[in-house]
Each structure stands twice: as structure tokens, then as C-alpha cells.
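Let us walk through this structure together, starting with the overall layout and ending with a few residues worth a second look. Please keep the 3D view open as you read.

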Amino acid sequence: MSLLTNATHRVLDFLWPPICIGCGRVGTQLCRICGNHLTFWDNSRTGLESLQLSPSLRRVYSAVEYIDDAQKIVKAVKFSGYWTYTTLMAQLIVLQCGHRLRQEKIDVLVPVPIHPRRRRERGFNQTEKLAHELGKLLNIPVDTKSLYRAVYRKKQSQQNQTSRQSLHHDFAVRGTQLINKNICLVDDVFTTGATLSACTRALAQTPHKSIIAVVFAKPR
Ligand SMILES: [Zn+2]
């Protein structure tokens, strides 16, 4: 949960007004001109194009293609800690796939978890913040406790191919909160699908109605 109240956010907005991620223009997180340069994802395509995906993962929705300013947004949040841009990410998800997500009758949003040690290193989990922003806009509860990351790994860039392939032992589910639910995983970027697949495998161990995922950006 955010430690900042809405009033505090308003004061911070006054002191540090939002800046366009694309061009630096003051007053908005994404100006109209830079927004026009985003390439929105065509969600009418079926989305199971990666052979690495778990068969239990029925659909993957995405807001935009992972190029240009979409990459800037993701990197600013993940590596520079500008997590207020998760608000923009959630707004773009709702703009592009809100209608389809509402039709899915999702019971709960589950952000892809990071290991507690990684969380201490980074100070936050950006997918958790993204899920909370999305949950507010779609009026869907967020569960950050049931699915957890049991294995700590080095940063992805330091991993070799073997450890990337063995991700599916990394996640586990605790408790009964997710039983018989329509679950929607939330992640910032879909890359190979290995992480979402590993999460799905863990979630599929408990009885559920359906598992889908939504990401902010996905490579073409
Ligand atoms: Zn701009």
C-alpha cells in the first residue's frame, strides 16, 4: 500500500509536476504528440504465439508494442524508480484493452512477484504498483500475497540460458484466496513468456476458473 495519501500526492504534483516521458514537456506524464508515437497492440490477435507459454495461460493482452517511448516508460519505472509512471501504464492498458478485460469477468489481479531480497534491493515491485493502479481503474481486487517468488536469482542480464529455462520452479502459491477464481496475472513487459508461464504453472496447481495475463508492453 502506498504510504502517500492523495493529499500528499497533490502536494508532490505541485512541487514536482508530471513530465512527459517522451519529450520532457511539463504538465503531463505523456503529451499528445508523444502519445501519438506509441504503437498500440492489436488484441484481436490470439496471443499464444510463444511455444514457451504454459497451456493453462489462455490469453495475454497487451497495451502497446515494446518499442520507442514504451521502452522509455518501462525502463524509467524499473531502473530509475519513477514508479508514478505506473499510473500512465495502467491508463494505457485500460484505453487499449479495458473493454476486453471487463468481458473476461476477472475476479482478481495477481502481479508477477519478485523475491523479498530483490524487493529490498530495488525498494519496490513495479508490477505490484501497476496492478494496484489497474485495479483502481477496473475496480478489481489485487492479491499480492498468494503467489510468491520462492527462489532468488541474479539479475536477468547475468543469468545464463539454463537458469532462464528453469524458472518454472521459482514461483509458488500459498493460502486459499485464489481457489475457483478468474485470475489475471499482471506484468510490465512480456519478453519470452517464461516468467508468465512459470507463474501460470504455479497458479494452475490450485483449482481455478481461468488464468489470463495482461502486460503493458509486448514485442511485436
Ligand atoms: Zn511528449
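## A parallel sheet and its helices

How many helices and strands does the secondary structure of the protein come to? This is a predicted model, and its secondary structure comes to eight helices and six strands. If you trace the elements from the N terminus, you will meet them in the order α-α-β-α-α-β-α-α-β-α-β-β-α-β. Of the 220 residues, 37% count as buried. Among contacts with a separation of 6 or more, 76% are between residues 24 or more positions apart.

Now turn to the sheet. Four strands make it up, in the order 1-6-5-2, and the sheet is open with parallel pairing. At its edges you will find strand 1 (57-65) and strand 2, each of which pairs on one side only. From one strand to the next, the twist averages 25 degrees. As general background, strands of a sheet pair through backbone hydrogen bonds, either parallel or antiparallel.

Let us cross the sheet from the strand 1 side. Strand 1 pairs with strand 6 in the parallel sense, over six bridges. One residue pair to look for here is Val60 with its bridge partner Ala213 in strand 6. Strand 6 itself is mostly covered, with eight of its nine residues buried. Strand 6 also pairs with strand 5, again in the parallel sense, and this pairing has seven bridges. Here Ile183 stands opposite Ile211 in strand 6. To get from strand 5 to strand 6, the chain passes through helix 8, making a β-α-β crossover that is right-handed. The remaining step takes us from strand 5 to strand 2: these two run parallel and are joined by four bridges. In this pairing, Leu109 has Cys184 of strand 5 as its bridge partner.

Which strands do the helices touch as they pack on the sheet? Helix 4 packs on the sheet with strand 1 and strand 6 (210-218) as the strands it touches, and its direction makes about 135 degrees with that of strand 1. Helix 8 packs on the sheet too, touching strand 1, strand 5 and strand 6, and its direction makes about 155 degrees with that of strand 5.

Helix 8 deserves a closer look. This helix spans residues 194-203 and is mostly covered, since nine of its ten residues are buried. Among the buried residues are Ala194, Leu196, Cys199 and Leu203. Thr195, Ser197 and Thr200 are buried as well. In general, an α-helix has 3.6 residues a turn, so residues three or four places apart point the same way.

Finally, let us visit two loop residues with an interesting backbone. Most residues other than glycine have a negative phi. Lys105, however, has a positive phi, near 50 degrees, without being a glycine. You will find Lys105 in the loop between helix 4 (85-103) and strand 2 (108-111). Is Lys105 buried or exposed? Lys105 is exposed, because just 10 other C-beta atoms lie within 10 Å, and a residue counts as exposed at 12 or fewer.

Asn180 also has a positive phi, of about 60 degrees, although Asn180 is not a glycine. Look for Asn180 in the loop between strand 4 (171-173) and strand 5 (182-189). With 10 other C-beta atoms within 10 Å, Asn180 is exposed.

How values were computed. Residues numbered from 1 in each chain as written. Predicted model: local features only at pLDDT ≥ 70, side-chain atom pairs only at ≥ 80, totals over all residues. Buried ≥ 20, exposed ≤ 12 C-beta atoms within 10 Å, placed from the backbone. Pairing = 2+ DSSP bridges. Axes fitted to C-alpha atoms, helices over the stretch in contact; angles between N-to-C directions. Contact = placed C-beta atoms within 7 Å. Right-handed = clockwise from strand over helix to strand, strands pointing away.
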